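Hello,

Here is the structure I promised to pass on to you. Please open it next to this email and follow along as you read.

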Amino acid sequence: MRDIAVFTGSAHPELAAEICEHLGVPLNPTRISRFANDCIEVQLQGNCRERDVFLIQPLSPPTQEHLAELLFMLDAARGASAGRITVVLPHYAYARSDKKDAPRISIGGRLVADLLTTAGADRVLAMTLHSPQVHGFFNIPVDHLHALRELANHFRRYNLENAVVVSPDLGNAKEAAAFARMLGIEVAAGAKQRFADDKVVISSVIGEVADRDVIVLDDEIAKGSTVFELLARLRERNVRSVRVACTHGLFTGDAVQRLSAEKEIEEIVCTNTVPIPVANHTDKLTILSVAPALAEAMRRIHNGESVSALFG
């Protein structure tokens, strides 16, 4: 692929390198330095002039550091006369801040979208946004991918005759229903209320799950509060087994170890949109790669081809 330049920050260089391997292009180096006053400076060490520039950077912890790097990368690419700049966001952390559900709070999803546009982004390639309305926070084109195909290919290896997909809440039910259709099985959903970042209550599960093999599908798992609450309701329904699947496996603290310790949970499946430290790996954890999907979307964007055709 000619006239393409790919850069990444410090958030997930392994994913960026894998994407470039699929594209057959080099990953250009980026120098990120810090001054004595704690300010950072970013230099893109590759030619950007009139090129199609892709900046790969998930907003994973430390989120603010990685956001600042991305903004500086955008400014550097724009200043270097890039022909077009596409931000590749495997994980858009601020997508969870998508509504004003309390007085005097900020809507981070919209604000960060404005920051990326102001810094120089011409378009965005995102993976599994927390809610559909986040797409509309951007005033530039957004190509929104999901990882359902990768997850479905994994679960098709199992006997699904007695399986059911369960969404932890009604907000994710549409995604769970699409996933269930891909697998040819039924879907159910939890009735969830969130009272704080780590306090959720699921009062009931809507749908038939008794004596079934459950696949819990969520977009993101951080502390795992939602999964633990849902697991309590599933125990009450006497489910046969539980497998947990998500796109963004943040697994903060000891979340993955605690989930792995639950005897009902047979497997935890996530993708590599964010880096997962080796210390968090357990025998029950399976990590799928979204690099091929992101690389193909980038190729299509560069060539002016349909990205939505990927989901046809």
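Below are some notes on a sheet and on a pair of helices.

Please keep in mind that this is a predicted model.

Let's start with the sheet. A general point helps here: strands of a sheet pair through backbone hydrogen bonds, either parallel or antiparallel. In this model, five strands make up an open sheet, and their pairing is parallel. Reading across the sheet, the order of the strands is 1-4-5-6-7. Strand 1 (4–8) and strand 7 (142–145) sit at the edges with a single partner strand each, so one side of each has no neighbour in the sheet. On average, neighbouring strands of this sheet are turned by 15° against each other, with direction ignored.

You can follow one pairing in detail. Strand 1 pairs with strand 4 (residues 52–56) in the parallel sense, over five bridges. To find one of these on screen, look for threonine 8, whose bridge partner in strand 4 is isoleucine 56.

Now to the helices. Helix 1 (residues 13–23) packs against helix 8 (residues 291–303) at an angle of about 55°, and their axes are 8 Å apart. Helix 1 and helix 8 are therefore oblique to each other, and their crossing is right-handed. On the helix 1 side, the contact is made by Leu15, Glu18, Ile19, His22 and Leu23. Helix 8 contributes Ala291, Pro292, Leu294, Ala295, Met298 and Arg299. Sorted by class, this contact has eight nonpolar residues, one polar residue and two charged residues.

Enjoy exploring!

Best wishes

Terms used: Residues are numbered from 1 along each chain as its sequence is written. This is a predicted model: local features need pLDDT of at least 70, side-chain atom pairs count only at pLDDT 80 or more; totals for chains, interfaces and linings use all residues. Side-chain values use heavy atoms; hydrogens and water are left out. Two strands pair if DSSP finds at least two bridges between them. Helices (H or I, at least four residues) and strands (E, at least two) are DSSP runs, numbered from the N terminus. Axes are lines fitted to C-alpha atoms, for helices over the stretch in contact, and angles run from 0 to 180 degrees between N-to-C directions. Angles under 35 degrees count as roughly parallel, over 145 as roughly antiparallel, 65 to 115 as roughly perpendicular and the rest as oblique. A crossing is left-handed if the near helix is turned anticlockwise from the far one by less than a right angle, and right-handed if clockwise. Contact means heavy atoms within 4.5 Å. Ala, Val, Leu, Ile, Met, Phe, Trp, Tyr, Cys and Pro count as nonpolar, Asp, Glu, Lys and Arg as charged, and the others, Gly among them, as polar.
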